[in-house]
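User: I want to learn how to read aromatic pairs and nonpolar cores in a structure. Can you take me through them?

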Amino acid sequence: AGVRIASIVTPQRAARHVARQFFTTQRAGAERRRFAAEPPKMATVQLPDGAAVSYTWGDTAHEPTVLLVHGWNGWAQQLEPFVEPLRALGYAVLAFDHIAHGASIGTQATLPIMVRSVQAMLQRVRQPAGVIAHSLGAAAVASVMVADPRAVPAAVLIAPPTDPRPFLRWVARGLGAPDALLDDVQREAEVTTGVPLAALVADVAFARRIATPLLVVHDMNDAEVPIANGRVYAQAPNARMLATDGLGHHRILRDLHVIDASVRFIAEHHTPADLNVAPLALMPVSVSPGREHRDMLTDVGAMA
């Protein structure tokens, strides 16, 4: 009600408030952020937009390294299930909490901030073997790969969104903003991001500029980021798509099929010298016992 009234009395101030809320993150508690298995080496790293906390397993100075990137309102530990399988294949693993997420400083973040953070973290890696990223973190990784096709040998994008504008409208309406205020909210949001939101949209033309081998993983019933978003990234020339059923937006990060397919995809394109990893088969995989779940892996890029 407050935003609705303010939109009539002081519309610019109301729009600015809504935009500020859109970029303000919500952190998980310390207990949820705690790693359950092998404890990582923690460090504070200086990124372009502030200090962030990083987490390292293995020797990133001498071992090929996989970067794990969480999404909006997420934290590094969400991708912990990928660590042990990657370490078993001889990779070092590097993760971090984005600015204004997890244990890192700040209260607000934007997609451009996340892009700059991913770029800076990759620059710290001597032997990049790949990236596994979730949600808005995956969108940030996609932007990095468009800017630098040689940034990583391969990437797994899990539930990547394509367009921030529907999420902005959803947040604005949830705060009580009337439709008449939405254009003003977007203009205020663009002041914060420093670029038009339309410039942050990943369409098919954008996807086709990603030359890096991609595995796009998306659940058919993802209520937060519909699978239509993932299908856009799957139009990249070297993309495969793994469509799951019954995992949603977050459980997909803990699914054994998804973890195995992601790790094998990275290994297929950057295998440590002493290992022989079989290529990822383009075929359906078995149904997990006791759960409605099916995976369909297709070479979407080749079909486009």
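**Rings, strands and cores**

Analyst: The structure, a predicted model, holds three aromatic pairs.

User: How is a pair of aromatic rings described?

Analyst: By the distance of the centres and the angle of the planes. Take F22 and F23. Their ring centres lie 5.0 Å apart and their planes meet at 70°, so this pair is edge-to-face; planes over 60 degrees apart count that way. F22 has 16% relative accessibility and counts as buried. F23 is buried too, at 4%.

User: Which pair links distant parts of the chain?

Analyst: F35 with W57. The centres are 5.3 Å apart and the planes at 75°, so this pair is also edge-to-face. F35 sits in the loop between α3 and β1, W57 in strand β2, 22 residues apart. F35 is buried at 15%, W57 at 2%. Ring pairs join F35, Y55 and W57 into a cluster.

User: How do β1 and β2 run, and how many bridges join them?

Analyst: They run antiparallel, joined by seven bridges. They form a hairpin with two residues between them. L47 stands opposite G50 in β2.

User: Now the cores. What is the general idea?

Analyst: In soluble globular proteins, nonpolar side chains tend to be buried together. Here the largest nonpolar core has 61 residues; L67, V118 and I210 are among the members that touch the most others. Helix α6 (residues 136-147) gives the most to this core, with nine residues. Apart from it lies another core of 33 residues, including F35, V53, V258 and I259.

User: What does I210 touch beyond its sequence neighbours?

Analyst: Leaving out residues up to four places away, I210 touches A142, M145, V146, Y233, A236 and P237.

Notes: Residues are numbered from 1 along each chain as its sequence is written. This is a predicted model: local features need pLDDT of at least 70, side-chain atom pairs count only at pLDDT 80 or more; totals for chains, interfaces and linings use all residues. Side-chain values use heavy atoms; hydrogens and water are left out. A nonpolar core is a set of buried Ala, Val, Leu, Ile, Met, Phe, Trp, Tyr and Cys residues joined through side-chain atoms within 4.5 Å. Buried means under 20% relative accessible area, exposed over 50%, partly exposed in between (1.4 Å probe, protein chains only). Helices (H or I, at least four residues) and strands (E, at least two) are DSSP runs, numbered from the N terminus. Contact means heavy atoms within 4.5 Å. Two strands pair if DSSP finds at least two bridges between them. Rings of Phe, Tyr and Trp (its six-membered ring) pair if their centres lie within 6.5 Å; planes under 30 degrees apart count as stacked, over 60 as edge-to-face and the rest as tilted.
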